Amino acid sequence: MDIDIRGPRFGAAVTTAVLAAVLVTGSGLLLGWQALCFAAGALFGVPRSPYGWLFRSVVRPRLGPPAELESPAPPRFAQAVGLAFSLAGLVGWFWGPQWLGLAATGCALAAAFLNAVFGYCLGCELYLLFRRATPVRS
């Protein structure tokens, strides 16, 4: 079942704010929260993540019908990529080196910002590249 394209973009906006707060405050616990949100999106799908639930129950009822739908697979893969970066960031924040925490969080922030502001999902594009590179088996 396809999903409303505005949902992942809303989630990216919230993620951008959370990751910016992580960089400003140095809060590894806040990055841990974001990692849990990424994990939920990767495991259960973006609509079932905390930000997807917030979009579905608070934001979407106030909007008109979606003009565009998309496959849930690319955003779900993007959540897994975000999870990988946030886990690397957690290692850096809690066990060092600190530059790893800063760099991994910064990379995740840049990707979330691109999706939130410009609608360009780096993880989704990576998913499509992997799909093209993988031979089709019948």
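**Aromatic pairs, cysteines and a cis peptide bond**

P97 is placed in the loop between α4 and α5, the latter helix covering 98–118. The model under description is a predicted one. Within it, the peptide bond that joins G96 and P97 is cis, with omega at about -5°.

Aromatic contacts were examined next. A pair of aromatic rings is described by the distance of the centres and the angle of the planes. Across the whole structure, the search returned five aromatic pairs. In one of these, formed by F77 and Y127, the ring centres lie 5.7 Å apart and the planes meet at 55°, so the pair is classed as tilted. This contact links distant parts of the chain, since F77 belongs to helix α4 (residues 73–95) whereas Y127 belongs to helix α6 (residues 122–133), with their positions 50 residues apart in the numbering. The two partners fall into separate accessibility classes: F77 is partly exposed, at a relative accessible area of 24%, while Y127 counts as buried, at 17%.

F77 also takes part in an aromatic pair with F130. Here the centre-to-centre distance is 5.8 Å and the angle between the planes is 80°, an edge-to-face arrangement. Because F77 lies in helix α4 and F130 in helix α6, this pair ties together parts of the chain that are 53 residues apart in sequence. F130 has a relative accessible area of 46% and is partly exposed. Taken together, F77, Y127 and F130 make up one aromatic cluster.

The cysteines were then considered. A disulfide is a covalent bond between the sulfur atoms of two cysteines. The whole-structure search found one disulfide, and its partners are C121 and C124, whose sulfur atoms are 2.4 Å apart. The torsion about the S-S bond of C121 and C124 is about 70°, so the disulfide is right-handed. Both ends of the bond are classed as buried: C121 has a relative accessibility of 13%, and C124 has a relative accessible area of 9%.

C37, by contrast, is in no disulfide. The nearest cysteine sulfur to that of C37 belongs to C121 and is 16 Å away. C37 counts as buried, its relative accessibility being 2%. For C107, the closest cysteine sulfur is again that of C121, at 15 Å, and this distance is too far for a bond. C107 is partly exposed, with 41% relative accessibility.

Finally, the start of the chain was examined. M1 is located in the segment before β1, a strand spanning 3–4. With a relative accessible area of 91%, M1 is exposed. Between the C-alpha atoms of M1 and A103 the separation is 35 Å, and these two residues are 102 residues apart along the chain.

Key: Residues are numbered from 1 along each chain as its sequence is written. This is a predicted model: local features need pLDDT of at least 70, side-chain atom pairs count only at pLDDT 80 or more; totals for chains, interfaces and linings use all residues. Side-chain values use heavy atoms; hydrogens and water are left out. Rings of Phe, Tyr and Trp (its six-membered ring) pair if their centres lie within 6.5 Å; planes under 30 degrees apart count as stacked, over 60 as edge-to-face and the rest as tilted. Helices (H or I, at least four residues) and strands (E, at least two) are DSSP runs, numbered from the N terminus. Buried means under 20% relative accessible area, exposed over 50%, partly exposed in between (1.4 Å probe, protein chains only). A disulfide is a pair of cysteine sulfur atoms within 2.5 Å.
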